[in-house]
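Subject: A structure for you to explore

Hello,

Here is the structure I promised to pass on to you. Please open it and have a look around before you read the rest of this email.

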Amino acid sequence: KGSLTGISLISILHRCGPDDSFLNLNVGGFKQRVERSILQRFPRTRLGRLLYCVSEEAILELCDDFSPTDREYYFDRNPCFFRNVLNFYHTGKIHLMEELCVFSFSQEIEYWGIKELHLDSCCSNKFQEQRQFAEDKDWDRRSGEQQQQFGSIDSSMEELSTMDKDLEKFEGTWCSEVRKNIWLHLENPGYSCLAKGIAVASLAVVLTSIVAMCVHSMPEFHQVDLNDKEIEDPVLAIFEAVCVICFSVEFLVRLAVAPCARNFMSNALNIIDFVSIVPFYATLAFETVDEENEELENVGKVVQILRLMRIFRILKLARHSVGLRSLGATLRHSYHEVGLLILFLSVGISIFSALIYFVEKESEESDITTIPVGWWWATISMTTVGYGDTCPVTVVGKLVATICIVCGILVVALPITIIFNKFSMYYQRQKAMDADQSNNETDQCNNNDIKIPDPSLTYFNVDNQYTLKMNSFITNISEHTVGHPQMILLFFCSFHE
């Protein structure tokens, strides 16, 4: 019986008739009759192999369904793309479709058994570019997921969820609503117009402090007292005091309204704020001690060091700059790449410093007389700085210098590319996070205006109660007025009035 079924199927597939030279195809509802001779041009494709099937099992391996009576082959595929497939059998070339992404297009041609070599010249370069671009984006996405999997996600990426948790900590504390409102105005510049004004004012004070610090180093603003002791310019001192007072007030207010003081003091930006304030008060204390006890010799040096620490105020710009925060996150999570960069440079510097020493040591005009001097020369050469204070003079030394510079460019360029990609990723994430934080807090403010019913109160639906009472009332009326239609009419007329 099985052999008869196979013979009957073969006879159906290969029977002679007027339609024997055509193949009935149904692709996602799109029906088309195709000549066998056209499909035979590419016998290694799916439709080409379909011509040589002699059993129903072999046919169903190539298509999704088959009707022996109608001799129709059904494929559950994209009917629009199948038009391109038919065009391929006629022309021998396949073209890209704007409706499909490069991965979907690759899956479709792989299903139909069409090679990428059959792409027409007008689409081949475009296909390769799109696939390379898609693969690069997929690699970046997988790299980001892998970093998150191994716990190397930046703390700033978790800042949004941390902000939500901080807002929950205000519940049940003293002056929770007032502190919460002040906290949002100080932490998020996009919260309101007032918050933007506070952020702009804070940024202006930081810039003023930096400018005053730079101007203070100019000789025109150096002053001495009657004892020829250097003192600060009074105007610059006033600017310095005003700026530090503003920094101090801002820091103390943030600390007072913070939902958790411990988390506040462990935040990197808040540590920078604290470090930028302390030197001013420490300087005042040491100067007071210096005036009272002139025997302390090292007080002046300590004061100079404390004044130098005011340079940390520049880092306060990170609170107002997405780029600086992204740079900090990139450096924190690129220690592997930075370590590779230092390792490559160390190996190259050690090799080329020894080479340049042995090449230049016989020359009397050369300044490279020791290997440590060669280290300095190799460092400024491999980093492409080139101060010019030390340079080879022999021909062989210049050849070694050329190789050193080329190797330095290659060594520096490889890890820098990875670090730059990470910076771009963190920068985009930080911008998206700031935007989401502003939107979430705006929605929260809008939701605060909505009155939510107290769940402890009993729910009472007036419409349902009115309906029940009216039904009961009408039932009573109908029972007492049975057989008295005039009374019913009189009652409804009075009710209408």
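Below is what I found, going from the whole chain to single residues.

Please keep in mind that this is a predicted model.

**The whole chain**

The chain has 497 residues, and 31% of them count as buried. It is built with 20 helices and 6 strands. About 31,900 Å² of the chain is exposed, with carbon and sulfur atoms supplying 62% of that area. If you take the contacts with a separation of 6 or more, 63% of them are between residues 24 or more positions apart.

**Salt bridges**

How many salt bridges does the count come to? The count comes to 5. As background, side chains of opposite charge can pair when their charged atoms come close. Here are some of the pairs.

Start with Lys31 and Glu72, which form a salt bridge whose closest N and O atoms are 3.9 Å apart. This pair links distant parts of the chain, since Lys31 sits in strand β2 (residues 30-35) and Glu72 in strand β4 (residues 72-75), 41 residues apart. Lys31 is exposed, because its relative accessible area of 55% is over the 50% cut-off. Glu72 has a relative accessible area of 22%, so it counts as partly exposed.

Next, look at Lys126 and Glu98, whose side chains meet in a salt bridge at 2.6 Å, N to O. They also link distant parts of the chain: Lys126 belongs to helix α7 (residues 121-149), while Glu98 is in the loop between α5 (79-91) and α6 (102-111), 28 residues apart. Lys126 is partly exposed at 34% relative accessible area, and Glu98 is exposed at 64%.

Helix α7 takes part in another pair, in which the side chains of Glu116 and Arg131 meet in a salt bridge at 2.7 Å, N to O. Glu116 is in the loop between α6 and α7, and Arg131 is in helix α7, 15 residues apart. With 33% relative accessibility, Glu116 is partly exposed.

**Around α6 and Arg46**

Now to helix α6. Its buried residues include Val102, Phe105, Ser106, Glu108, Ile109 and Tyr111. In general, an α-helix has 3.6 residues a turn, so residues three or four places apart point the same way. You can try this idea on the buried residues of α6, including Val102, Phe105 and Ile109. After α6 comes Gly113, which has a positive phi, near 75 degrees.

Gly113 and Tyr111 appear again among the contacts of Arg46. Leaving aside neighbours within four places in sequence, Arg46 is in contact with Glu61, Leu62, Phe75, Tyr89, Tyr111, Trp112 and Gly113. Arg46 itself is found in helix α3 (residues 46-50). Is Arg46 buried or exposed, and which side chain of opposite charge is nearest? Arg46 is buried yet has no salt bridge, and the nearest side chain of opposite charge is Asp64, 7.1 Å away. That distance does not make a salt bridge, because the rule asks for a nitrogen and a carboxyl oxygen within 4 Å.

**Two surface patches**

Asp64 also belongs to a negative surface patch, together with Glu56, Glu57, Glu61, Asp65 and Asp76. Which helix gives the most to this negative patch? The answer is helix α4 (residues 56-62), with 3 residues. Asp65 of the patch lies in strand β3 (residues 65-67), and at 44% relative accessible area it is partly exposed.

There is a nonpolar patch on the surface as well, formed by Leu340, Leu343, Phe344, Val347, Ile351 and Leu355, with about 500 Å² of accessible area together. Phe344 lies in helix α16 (residues 335-360). Its relative accessibility is 34%, so Phe344 counts as partly exposed.

**A buried phenylalanine**

Last, find Phe251 in helix α11 (residues 234-257). Phe251 is buried, because its relative accessibility of 8% is under the 20% cut-off. Apart from its neighbours within four places in sequence, it is in contact with Phe264, Met265, Asn270, Asp273, Phe274 and Ile277. One of these, Asp273, is 22 residues from Phe251 in sequence and 7.1 Å from it in space, C-alpha to C-alpha.

Enjoy exploring, and write back with any questions!

Best wishes

Note on methods:
Residues are numbered from 1 along each chain as its sequence is written. This is a predicted model: local features need pLDDT of at least 70, side-chain atom pairs count only at pLDDT 80 or more; totals for chains, interfaces and linings use all residues. Side-chain values use heavy atoms; hydrogens and water are left out. Patches are made of residues with over 30% relative accessible area and no salt bridge: like charges are joined within 9 Å, nonpolar side chains (Val, Leu, Ile, Met, Phe, Trp, Tyr) within 5 Å. Accessible areas come from the Shrake-Rupley method with a 1.4 Å probe; for residues, only the protein chains shown count as cover. Lys and Arg count as positive and Asp and Glu as negative; His and the chain ends are not counted. The place of a charge is taken as NZ of Lys, CZ of Arg, CG of Asp or CD of Glu. Helices (H or I, at least four residues) and strands (E, at least two) are DSSP runs, numbered from the N terminus. Buried means under 20% relative accessible area, exposed over 50%, partly exposed in between (1.4 Å probe, protein chains only). Contact means heavy atoms within 4.5 Å.
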